[in-house]
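Reader: I am new to reading protein models, and I would like to go through this one step by step. Could you take my questions in turn?

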Amino acid sequence: MTTSPASRLAALAVLAALTLLIPTTVSAADLVVRIEGVRSGAGDIRVAVHQRTAGVDFPDVAGIVEAAIRPAAGAGVFIIAGLVPGDYAIAAFHDEDRDGDLNTNLLGMPTEGYGFSNEARELFGPPGFDAAAFVIEADERRPVVTVKIDYPGS
């Protein structure tokens, strides 16, 4: 069976229209996290990127989607690769003694430096996700977020 040029052209037009309905692949971004305010080169800087997770309080480890550790000496910039568009928040701390934990005193107050995206702060306890949240848009390839490390008592 042969088809006319007009029917082939119509079929091609339908195929072209259908391809517009197929979702395109979402591009991933490489997030640049700038760390400021580190008071010494002792220990490590630990950065955790969180997504909003139902039933999980920020900055609980259950919300972490990416994390990085680097020696504090020269740890000014972290590149977190492959983040899809969405809402994120960052928690970071200066693990001066390299024990893997944000050390606290008997009252539960941090004794090592820490910080959050948006310079989010609460009077008692860590900020909520919304206070620290930022958005990576679909067209962003290399967004930049700065986290300032603050030290208790300073």
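Author: Let us begin with a term: two strands are said to pair if DSSP finds at least two bridges between them. Please keep in mind throughout that this is a predicted model.

Reader: Which residue in β8 stands opposite R34?

Author: Strand β1 covers residues 29–36, and strand β8 covers residues 144–148. Five bridges join these two strands, which run parallel. Within this pairing, the residue of β8 that stands opposite R34 is T146.

Reader: What is the bridge partner of V32 in β4?

Author: Strand β1 also pairs with strand β4, which spans residues 77–83, and here the sense is antiparallel, over five bridges. The bridge partner that V32 has in β4 is I79.

Reader: In what order do the elements of the chain run from the N terminus on?

Author: The chain has two helices and eight strands. Starting at the N terminus and following the chain along, one meets its elements in the order α-β-β-β-β-β-β-α-β-β.

Reader: Why is β2 described as largely enclosed by the rest of the structure?

Author: A residue counts as buried when its relative accessible area is under 20%, and in the chain as a whole, which has 154 residues, buried residues make up 29%. Strand β2 is joined to β3 by seven bridges and to β5 by eight bridges, running antiparallel to β5 as well as to β3. Strand β2 is largely enclosed because the number of its eight residues that are buried is six.

Reader: Which residue of β5 is the bridge partner of Q51?

Author: Two bridge partners can be named for β2, which covers residues 44–51. In β3, R46 has I69 as its partner, while in β5 the partner of Q51 is Y88.

Reader: Which residues are the closest to the centre of the largest pocket?

Author: The largest pocket has a volume of about 740 Å³. Its lining is made up of 30 residues, and by class these are 20 nonpolar, five polar and five charged residues. Strands β2, β3, β5 and β6 each supply at least two residues of that lining. The residues closest to the centre of this pocket are P59, F93, L102, Y114 and F116.

Reader: Which residues form one aromatic cluster?

Author: Rings pair if their centres lie within 6.5 Å, and by this rule the count comes to four aromatic pairs. Two of the residues just named for the pocket centre, Y114 and F116, appear here again, for the cluster is formed by F58, Y114, F116 and F129.

How values were computed. Residues numbered from 1 in each chain as written. Predicted model: local features only at pLDDT ≥ 70, side-chain atom pairs only at ≥ 80, totals over all residues. Heavy atoms only, no water. 1 Å grid on protein atoms, 1.4 Å probe; cavity = no way out; pocket = protein on both sides within 12 Å on 5 of 7 lines; lining within 4 Å. Points joined across faces, edges and corners; volume = space filled by probe spheres on them. Helix = DSSP H or I, 4+ residues; strand = E, 2+ residues; numbered from the N terminus. Nonpolar A, V, L, I, M, F, W, Y, C, P; charged D, E, K, R; others polar. Buried < 20%, exposed > 50% of the residue type's maximum accessible area, 1.4 Å probe, protein only. Phe/Tyr/Trp six-rings, centres within 6.5 Å; stacked < 30°, edge-to-face > 60°.
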